[in-house]
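Please examine the sequence and the structure shown below. The explanation that follows begins with a helix and then moves through the rest of the chain.

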Amino acid sequence: MWFCKEAQYELAGRVAVVTGALGAIGRRLAARLAESGALVALADIGSESDGAALCAELNSGRGQRVAAYRRADLRDAAQIAELLAWADGEFGRVDVVVNNAGLASPHGLYSGGETADRMAALLQVNLLAPMEMMRAFAEYARAHGRPGVAVNMASMGGLVPNEGGEVYGAAKAALVHLTRASRSLMPAVRVCAVAPYYVDTPMVRNNPKLQNNPTVYPALMLSVDAVCDATLACIRDPRSAGRTVALIGSASARMWMYDVVGVHIKLLGAWSLAAAAFWRLLGY
Ligand SMILES: NC(=O)c1ccc[n+]([C@@H]2O[C@H](COP(=O)([O-])OP(=O)(O)OC[C@H]3O[C@@H](n4cnc5c(N)ncnc54)[C@H](O)[C@@H]3O)[C@@H](O)[C@H]2O)c1
């Protein structure tokens, strides 16, 4: 019933696996999860020493170990399967998985330069790895009789076509579709997704599209914290199963909504631009 509000899923004491943890969004998300009281099991293809440095930052001054790191190449299904067993061994359980690792390509499918190997890697990291992880997590959650939550980091490029980002966008679109189809995993695992527009990260700062259009794109650009806010909200919201949160807007003018279709995205973009202009006029 609409008036019976379901309790929020609390993060304190939960164990969260975050992939792509050494990236711009991953490392901030790890910190935000730890600040919310979760223990974080972090994975990335980056070196053990970079992982150890991130864990040292996260563990510092907390009185207990809240972060552990494992180097894993998510193109390898066996390494994905091992991640959950490792995280369980480190912290005694796994409650949350954030499939955040991602790969972009500077080449378009039709504008030249894209290779078969890179296309395979884009599909492996952006789509097959989250698929494999969710399958493993569903088995884990059922075997332990403990419900879990999984978040897939999709992209606006998976909701609206992006010239030059066809393969990446196709992988992210499939991830949104997979998220919707994974509603069937309830109640064992609640799966949701976050689809951000451009985020203020190295992944996009050198994007020629932004550099050629210095007004519109930056006005809609998101902060890393806005993406983390939406990810945490997605985890906490018991109604998020199968849903994708679309995110667009500047730091001062951002909003998000569920179950979007194309028309919503256009309205959301128009609203964000109007709000950004309004805030600028007011001098914020
Ligand atoms: N930055 C943006 O504007 C933006 C917009 C929409 C969606 N996203 C998505 O958000 C997520 C994080 O993006 P980001 O901006 O932090 O990017 P990033 O490149 O900073 O981080 C991605 C991380 O994934 C890791 N990774 C790549 N291949 C891997 C592999 N084979 N095995 C294990 N780890 C691997 C990288 O080492 C890196 O640390 C990605 O899924 C990305 O597609 C980003």
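**A walk through the predicted model**

Helix α9 has 13 residues, and at 1.5 Å a residue it should span 18 Å; the C-alpha atoms at its ends lie 19 Å apart, which agrees with that expectation. The model in which this helix appears is a predicted one.

The helix runs over residues 224-236, and many of its positions can be assigned to the interior. Ala226, Val227, Cys228, Ala230, Thr231, Leu232, Cys234 and Ile235 of α9 are buried. A general property of helices is useful when reading such a list: an α-helix has 3.6 residues a turn, so residues three or four places apart point the same way.

Arg236 also belongs to α9. Is Arg236 buried, partly exposed or exposed? Arg236 counts as partly exposed because it has 15 C-beta neighbours inside 10 Å. Leaving out residues up to four places away in sequence, Arg236 touches Gln8 and Tyr9. The C-alpha atom of Arg236 is also 9.0 Å from that of Val149, although the two residues are 87 residues apart along the chain.

Beyond the helix, the loop between α9 and β7 (244-249) contains Pro238. Pro238 has 12 C-beta neighbours inside 10 Å and therefore counts as exposed. When residues up to four places away in sequence are set aside, Pro238 touches Glu6 and Tyr9. In addition, Pro238 and Ala7 are 231 residues apart in sequence, yet their C-alpha atoms are 7.3 Å apart in space. Another proline, Pro187, is placed in the loop between α5 (166-181) and β6 (189-196). A cis peptide bond, with omega about 0°, joins Met186 and Pro187.

The strands can be considered next. In strand β4 (residues 96-99), Val96 and Val98 point one way, Val97 and Asn99 point the other way, and all are buried. In general, the side chains of a regular strand alternate between the two faces of the sheet. Strand β1 (residues 15-19) runs parallel to β4 and is joined to it by 3 bridges, with Val17 standing opposite Val97. Strand β5 (residues 148-153) also runs parallel to β4, joined by 4 bridges, and here Val98 stands opposite Val151.

Val151 leads on to the interior of the model. The largest nonpolar core has 83 residues, of which Ala30, Val40, Leu42, Val151, Val194, Ala195 and Leu247 touch the most other members. Helix α4 (residues 116-144) gives the most to this core, with 9 residues. Nonpolar side chains in soluble globular proteins tend to be buried together. Beyond its neighbours within four places in sequence, Val194 is in contact with several residues, including Val151, Met153 and Leu247. The contacts of Val194 also include Val227, Ala230, Thr231 and Cys234, and these four are among the buried residues of α9.

Which residues come nearest to the ligand? Of the 26 residues around it, they are Gly20, Gly23, Ile25, Gly102 and Val199. The elements that give two or more residues to this shell are α1 (24-35) and α6 (202-205), and α1 gives the most, with 3 residues. By type, the shell divides into 15 nonpolar, 8 polar and 3 charged residues.

Finally, the chain may be viewed as a whole. Its secondary structure comes to 10 helices and 8 strands, and 43% of its 284 residues count as buried. Of the contacts with a separation of 6 or more, 67% are between residues 24 or more positions apart.

Definitions and conventions:
Residues numbered from 1 in each chain as written. Predicted model: local features only at pLDDT ≥ 70, side-chain atom pairs only at ≥ 80, totals over all residues. Near = placed C-beta within 6 Å. Nonpolar A, V, L, I, M, F, W, Y, C, P; charged D, E, K, R; others polar. Buried ≥ 20, exposed ≤ 12 C-beta atoms within 10 Å, placed from the backbone. Contact = placed C-beta atoms within 7 Å. Expected span 1.5 Å × (residues − 1). Core = buried A, V, L, I, M, F, W, Y, C linked by C-beta atoms within 7 Å. Pairing = 2+ DSSP bridges.
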